[in-house]
Amino acid sequence: MDDGVLAGVRVLEIGGGVPAAFATRWMAGFGADVVRTESTPGKLTDDEAVYLQTGKRRIKTDAATVQRLALAADIVVEDRKPGTMARAGLDPERLRSEKPALTVVSITPYGQTGPYADFEATNITSFAMGGIMSLTGMHQREPLVTGGSQALYLGGLNAFGAAVAAYLGSLIQGEGDWIDISLQECMAGMLELYGPRGAYEGVASVRSGNHVRAAWGLYPCADGFAGVCALERQIPALFSVLGDPDLDDERFRNPLERPNHDDELQAKLYGWFGERRKAEILELGARYKVPFGAVQAPGDLLANETLRERGLFDEVATGNGTARIPGRPFLGLAWRAGQLSEPGADTVAVIDEWLGEGR
Amino acid sequence: MKRLPLDGIRIADLTMMWAGPYATRVLAEMGAEVIKIESPRAWDNIRTLIPQPGVADPWNSSYYFNDYNRDKKSLTLDLADPRGKGAFLRLVPHCDVVLENYRAEVLDNLGLGHDVLREAREDIILVSMAGYGKTGAERGHVGFGPIIEQMSGLASMTGYGDEGMPVKTGISYGDPVAGKAAVAAVVLALIHRRKTGEGAFIDLAQREVLSTLIGEAFVASSLRGEEPVHRGNRDGRYFAQGVYRCAGEEQWVAISVRDAGDWERLCAVTGIVEHLGAMSNDARHAEIDRRIAGWCAWREPQEVFETVSRAGVPAGRVLDTKTIHEDRHLEERRYWVELPHPRMHAWKQPRSAWQFIEARPRLQRHAPLFGEHNLEILGGLLGMSAEEIAELEAAGVIGDAPANPGVG
């Protein structure tokens, strides 16, 4: 099984924005033959293209051929607007009835149905509609979008899991499914305790910036920013690492009293973090089992010894040098790094292999 | 009726907090039977994080616990006790998957590492989801979602632009991301088992999974040495983008003006003056922000969102944790579902985001009460006698209430 758990699985990617491209990237890494139809230029930035197109074959062909390829595939992943597939002769229901084992995954901002289904969206508007944004940012300022393109990536992450689940179902039952993934729904159900609290108590939670409370926050440190997230059971270890005799007092020890003195505790943490460097903070955290973290930039992680030892990063040759990108999401199943293909470079080979005689 | 893909799969769930329980809830939505295992002495602290006032058993009455643990069964077992461990190893042969999110060394310290589980069931699938993985110099670090966000690179990318200060995401973002990846890991391992007859040991580091959601930042860093720059809510690829305050308390709408065409459409529908004189990009963006903000300020957020969206310009209301439960689109898609709970009044819970249009996953049942399925699993599935079960109970190895309810 060195070829990967999805070896022999044929995947057709249509649309090709971040959601579809990320879902199929993991399929390619785990061994599937992923074929990406060329999409509207500009859907991916150059850097996104390096990350998300690696390991895939790329074709340029006409609509009729795409229809035949879809029926030759095991999984079709698409992120076009609702109705676009049907207008291109790729109606998922029709594809499913012609090939019951096929799995089709459609990823859209709002899903295939409902009053907003046809609305335009971008990463930030989806992030807003999913609820996470209302909780993110400083209380006295406007809500803030989390970095990168998280709403789009979450769509891809969910689509990947749903697609392989449906594929497993097709191996067992002989029938795939059509899966309607809405970016809004991917996020609306992951609002930690705040979502259920809003539903149960009928009040909105306010964004709390970098400090949910003193022992659950992010602080400037001597060489950047670092943080702590201590549960009640970890408070004694945190206090002992801080080593401040003032903390040995009822107002800090007692979990019911502590919130009344949160500003005071926060001031102490500002002082403590400010005098220390990230490496020292992390080392103390590991030694005393205190959940400390430090803000790492991508460059820090590319140089990180643990990640090197665990082999997180793949190397991919680009026209601008060798890029290093996150590879396998977890260890335990074979992963292949893959290479970058030129646009349309694989058209002839794919048509021959997927649609050739005797197939 | 069509079956769900994980119908017939049984999962022993040793996870607590959010990442792991979120994973196993999604696995349950996909049809798996999930047995949540907690010790009467070391149980899922989420149970009492927000207890309802005035109830006798707060560990059974948390909406927070409920939403991430519904559709599961509850078995209590003290795995640190030889009798509890023995019972667990009798359960493993009946399970396809064991999922755990302890710190890296804990499962091995309990004497329940992969080798031991494999002796109990040769094709067992073990998914471990420690913060930093099972190997490497950082495996001993302790981490929850916000820490994972810092250590993954994501926190370095979020900020208003003030002096490089990073801003945390308002939820423990690393948790649900790792949870969804763990679901995929289980499914892939099941496909692997089906093809080869072999089990698998998945070593998932939550921090690494989150790094995969910012892949392009590693391209920029490795090719050009570029590190993240905070642009607040702006996006360099668009003409303009921001979040604008609307009428009401803390009501906001995000708008992306992708190009000049969007600007023209936005101005046409709002009456905003379109003409922009010659000015720098920054000055132009500031002027666009000023004009949009002026139009939004006295309008209802829903009106702003729908008016702009209907004009073909991307807009999104910053739905908060109250208004998201009132959103008419989610309502029409029947996203919120009310399930009865024996201790609490009904509330809106999210259905599966994985809408299998044909197999239709649906919510079944509230989160289990503490140890609710002890008899069913120990007596029914494992065939223990009433005396055996009574002995476990007397020894505190199982229980229907926490031995230390104040902790948490």
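This is a dialogue on how to read some features of a predicted model, from strands and a pocket to domains and burial.

Me: Before turning to details, how many helices and strands are there in chain A, and what box do the C-alpha atoms of chain A fill?

Reply: Chain A holds 16 helices and twelve strands, and its C-alpha atoms, taken along the principal axes, fill a box of roughly 80 × 45 × 40 Å. Of the 359 residues of this chain, 62% count as buried.

Me: How should I read strand pairing, and which strands pair with β8(A)?

Reply: Strands of a sheet pair through backbone hydrogen bonds, either parallel or antiparallel. In chain A, strand β7 (residues 211-213) is joined to β8(A) by two bridges, and these strands run antiparallel; at the level of residues, A:His211 has A:Gly217 of β8(A) as its bridge partner. Strand β9 (residues 224-229) of chain A also pairs with β8(A) in the antiparallel sense, in this case over six bridges, and within that pairing A:Trp216 stands opposite A:Cys229, while A:Pro220 has A:Phe225 as its bridge partner in β9(A).

Me: How many residues lie between β7(A) and β8(A), and how many between β8(A) and β9(A)?

Reply: β7(A) and β8(A) form a hairpin with two residues between them, and β8(A) and β9(A) likewise form a hairpin with two residues between them. Following the chain further, β9(A) pairs with strand β10 (residues 292-294) of chain A, antiparallel and over three bridges, with A:Val228 standing opposite A:Phe292 in β10(A).

Me: Why can β8(A) and β9(A) be called largely enclosed?

Reply: The argument rests on counting buried residues, where buried means under 20% relative accessible area. In β8(A), residues 216-221, five of the six residues are buried, so this strand is largely enclosed by the rest of the structure. The count for β9(A) is also five of six, so β9(A) too is largely enclosed by the rest of the structure.

Me: How does the same cut-off apply to a single residue, and is A:Leu168 buried or exposed?

Reply: A:Leu168, which has its place in helix α7 (residues 150-173) of chain A, is buried, with a relative accessible area of 3%. For a spatial reference, its C-alpha atom is separated by 18 Å from that of A:Asp3, a residue 165 positions away along the chain.

Me: What lines the second largest pocket, and what is its volume?

Reply: Rolling a probe the size of a water molecule over the atoms shows where empty space is left. The second largest pocket has a volume of about 1000 Å³ and is lined by 42 residues, of which A:Gly15, A:Gly17, A:Lys43, A:Asp79 and A:Ala121 lie nearest its centre. The elements giving two or more residues to this lining are α1 (18-29), α3 (63-72), β5 (103-108) and α6 (123-129) of chain A. By class, the lining of the pocket comprises 18 nonpolar, 14 polar and ten charged residues.

Me: Turning to chain B, which domains does the assignment give, and what distance separates their centres?

Reply: The domain assignment of chain B gives domain 1 as 10-213 + 335-394 and domain 2 as 240-328. Taken over C-alpha atoms, the centres of these two domains of chain B are separated by 41 Å.

Me: How should I read the order of strands in an open sheet, and which strands of chain B stand at the edges?

Reply: Chain B has an open sheet of three strands in the order β7-β8-β9, with antiparallel pairing. At the edges stand β7 (240-245) and β9 (315-317) of chain B, each with a single partner strand, so one side of each is left without a neighbour in the sheet. From one strand to the next, the twist averages 15°. β7(B) pairs with strand β8 (residues 252-257) of chain B in the antiparallel sense over six bridges, and B:Arg245 has B:Trp252 of β8(B) as its bridge partner.

Me: Is helix α1 of chain B mostly covered or mostly uncovered, and what comes just after it?

Reply: Helix α1 (residues 19-29) of chain B is mostly covered, eleven of its eleven residues being buried; among them are B:Pro21, B:Tyr22, B:Arg25 and B:Glu29. Just after α1(B), the backbone of B:Gly31 takes a positive phi of about 110°.

Methods:
Residues are numbered from 1 along each chain as its sequence is written. Chains are lettered from A and ligands numbered from 1 in the order in which they are written. This is a predicted model: local features need pLDDT of at least 70, side-chain atom pairs count only at pLDDT 80 or more; totals for chains, interfaces and linings use all residues. Side-chain values use heavy atoms; hydrogens and water are left out. Buried means under 20% relative accessible area, exposed over 50%, partly exposed in between (1.4 Å probe, protein chains only). Helices (H or I, at least four residues) and strands (E, at least two) are DSSP runs, numbered from the N terminus. Two strands pair if DSSP finds at least two bridges between them. On a 1 Å grid over the protein atoms alone, a cavity is a set of points where a 1.4 Å probe fits but cannot get out, and a pocket is an open set with protein on both sides within 12 Å along at least five of seven lines; lining residues have an atom within 4 Å of a point. Grid points are joined across faces, edges and corners, and a volume is the space filled by probe spheres set on the points. Ala, Val, Leu, Ile, Met, Phe, Trp, Tyr, Cys and Pro count as nonpolar, Asp, Glu, Lys and Arg as charged, and the others, Gly among them, as polar. Domain bounds come from an automatic or database domain assignment. Axes are lines fitted to C-alpha atoms, for helices over the stretch in contact, and angles run from 0 to 180 degrees between N-to-C directions.
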